[in-house]
Amino acid sequence: MIDKLEMFMVLAREQHFGHAAEHCGVTQPTLSSALRQLEDHLGVVLVKRGSRYQGLTPEGERVLEWARHIVGSTRSMRDEMRAMRFGLTGQVQIAVIPTALAMVHELTTPFREKHPDVSFAILSRTSAEIQALLDDLRIDAGITYLDNEPLGQVTAIPLYRERYQLLTSNIDDLAGQETITWREAAKLPLCLLTPDMQNRRIIDQHLDAAGAKVSATLESDSMIALFTHVQTGNWASIMPEKMVESFGMRDRVKSIPIIEPDATHTVGLIAAKREPATPVVSALLKEAARISELQTA
């Protein structure tokens with residue numbers, strides 16, 4: 001039953017029978033047979049069928065929610081039994097918004113010192129992708145914004161508040177300024193993250209609130225690409241304070257706090273809301289609370 005539920009979850013994610021079968025390492029007839037058996041066992045039709053995948057039935061949508069719960073709980077049980085025998089082991093997968101990548105080491109380094117048999121896979125993803133990965137049980141945790149756009153059913157630990165700075169070449173006319181307003185920043189040739197990134201949507205919100213209309217002259221999903229363009233002296237960018245600090249290139253660029261307003265947004269660690277959580281997720285949440293710059297209740 002667990003294997004069939006897992007196949008059903010993969011099909012719902014891939015929305016293609018062939019791709020789902022390949023991901024599961026089985027033939028397409030085997031996948032179809034497993035789904036038929038699951039439907040027979042539950043007494044409902046789960047998938048709208050035709051010449052190709054056409055989506056889930058209403059019953060299929062509800063079963064998908066149950067499947068995530070059942071498969072997640074089963075994996076948690078297996079992980080707990082393994083942890084009781086061997087301690088925390090295996091690979092922890094964390095998906096992180098690009099603007100928070102500079103601080104992940106603050107969590108992973110002390111965690112691995114306590115649990116040396118654990119390794120990490122750090123993935124750079126948008127906030128929407130992080131939520132989807134959590135829902136599909138494909139990551140253990142994510143680091144994302146907590147207070148801007150709605151989150152799903154998650155456990156959240158606030159880590160820090162993101163503040164914003166203008167990043168510009170130190171030979172620019174603005175290099176002598178100590179602060180700059182959002183409206184003033186909008187007048188510069190800006191290179192910014194792509195609109196699918198929540199950081200970009202946050203920046204656009206603040207620029208719009210300041211009455212400034214901006215059209216980025218360059219967009220990228222890479223913070224490194226933005227930074228290297230700023231270094232040319234032909235672009236400026238708006239970046240989180242922590243990201244600016246991580247570059248450590250004060251001799252080549254200048255960072256200027258943006259005011260009116262001095263905006264902040266909370267970034268934190270999230271994990272699927274499940275009781276009991278896996279031992280590794282429980283330990284990760286505990287470590288996140290310990291290193292948090294914010295006081296949590």
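**Exercise 1. Find where Glu-260 lies, and work out what stands out in its backbone.**

Step 1: Start by locating the residue in this predicted model. Glu-260 sits in the loop that links S9 and S10.

Step 2: Look at the backbone angle. The phi of Glu-260 is positive, about 60°, although the residue is not a glycine. As a rule, most residues other than glycine have a negative phi, and most peptide bonds are trans.

Step 3: Move on to the next residue. Pro-261 is found in the loop between strand S9 (253-259) and strand S10 (264-272). The peptide bond that joins Glu-260 and Pro-261 is cis, with omega at about 0°.

Step 4: Decide whether Glu-260 is buried or exposed. Its relative accessible area is 60%, and the cut-off for exposed is over 50%, so Glu-260 is exposed.

**Exercise 2. Describe Gln-15 in the same way: which loop holds it, and what is its phi?**

Step 1: Gln-15 belongs to the loop between helix H1 (2-14) and helix H2 (17-24).

Step 2: Its phi is near 55°, a positive value in a residue other than glycine.

Step 3: With a relative accessible area of 52%, Gln-15 is exposed.

**Exercise 3. Explore the surroundings of Gln-165: is this residue buried or exposed?**

Step 1: Find the residue along the chain. Gln-165 is part of strand S4 (residues 154-169).

Step 2: Check the accessibility. Gln-165 has a relative accessible area of 11%, and buried means under 20%, so Gln-165 is buried.

Step 3: List its neighbours. Leaving aside residues up to four places away in sequence, Gln-165 touches Ser-237, Ile-238, Met-239, Glu-241 and Val-244, along with Ser-255, Ile-256, Pro-257 and Ile-258.

Step 4: Pick out a polar contact. The side chains of Gln-165 and Ser-255 are joined by one of 3.2 Å.

**Exercise 4. Place Pro-150, and find how far its C-alpha atom is from that of Ala-128.**

Step 1: Pro-150 lies in the loop that runs between strand S3 (141-145) and S4.

Step 2: Its relative accessibility is 81%, so Pro-150 counts as exposed.

Step 3: Pro-150 and Ala-128 are 22 residues apart along the chain, and their C-alpha atoms are separated by 9.9 Å.

**Exercise 5. Work out how helices H5 and H11 meet: at roughly what angle do their axes cross?**

Step 1: Take the two axes. Those of helix H5 (residues 105-114) and helix H11 (residues 279-291) come within 10 Å and cross at roughly 120°.

Step 2: Name the arrangement. Angles of 65 to 115 degrees count as roughly perpendicular and those over 145 as roughly antiparallel, so H5 and H11 are oblique to each other.

Step 3: Add the handedness. The crossing of H5 past H11 is right-handed.

Step 4: Identify the residues that make the contact. H5 contributes Glu-106, Leu-107, Pro-110, Phe-111 and Lys-114, while H11 contributes Val-280, Ala-283, Leu-284, Glu-287, Ala-288, Arg-290 and Ile-291.

Step 5: Sort them by type. The contact of H5 with H11 has eight nonpolar residues, four charged and no polar ones.

**Exercise 6. Step back and describe the whole protein: how many helices and strands does it have?**

Step 1: There are 11 helices and 10 strands in the protein.

Step 2: The C-alpha trace spans about 70 × 50 × 30 Å along its principal axes.

Step 3: Of the 297 residues in the protein, 47% are buried.

Step 4: Among contacts between residues at least 6 apart in sequence, 75% join residues at least 24 apart.

Definitions and conventions. Residues numbered from 1 in each chain as written. Predicted model: local features only at pLDDT ≥ 70, side-chain atom pairs only at ≥ 80, totals over all residues. Heavy atoms only, no water. Axes fitted to C-alpha atoms, helices over the stretch in contact; angles between N-to-C directions. Helix = DSSP H or I, 4+ residues; strand = E, 2+ residues; numbered from the N terminus. Parallel < 35°, antiparallel > 145°, perpendicular 65-115°, else oblique. Left-handed = near helix turned anticlockwise from the far one by under 90°. Contact = heavy atoms within 4.5 Å. Nonpolar A, V, L, I, M, F, W, Y, C, P; charged D, E, K, R; others polar. Buried < 20%, exposed > 50% of the residue type's maximum accessible area, 1.4 Å probe, protein only. Polar contact = N/O pair within 3.5 Å; in protein donor to acceptor, adjacent residues only side chain to side chain.
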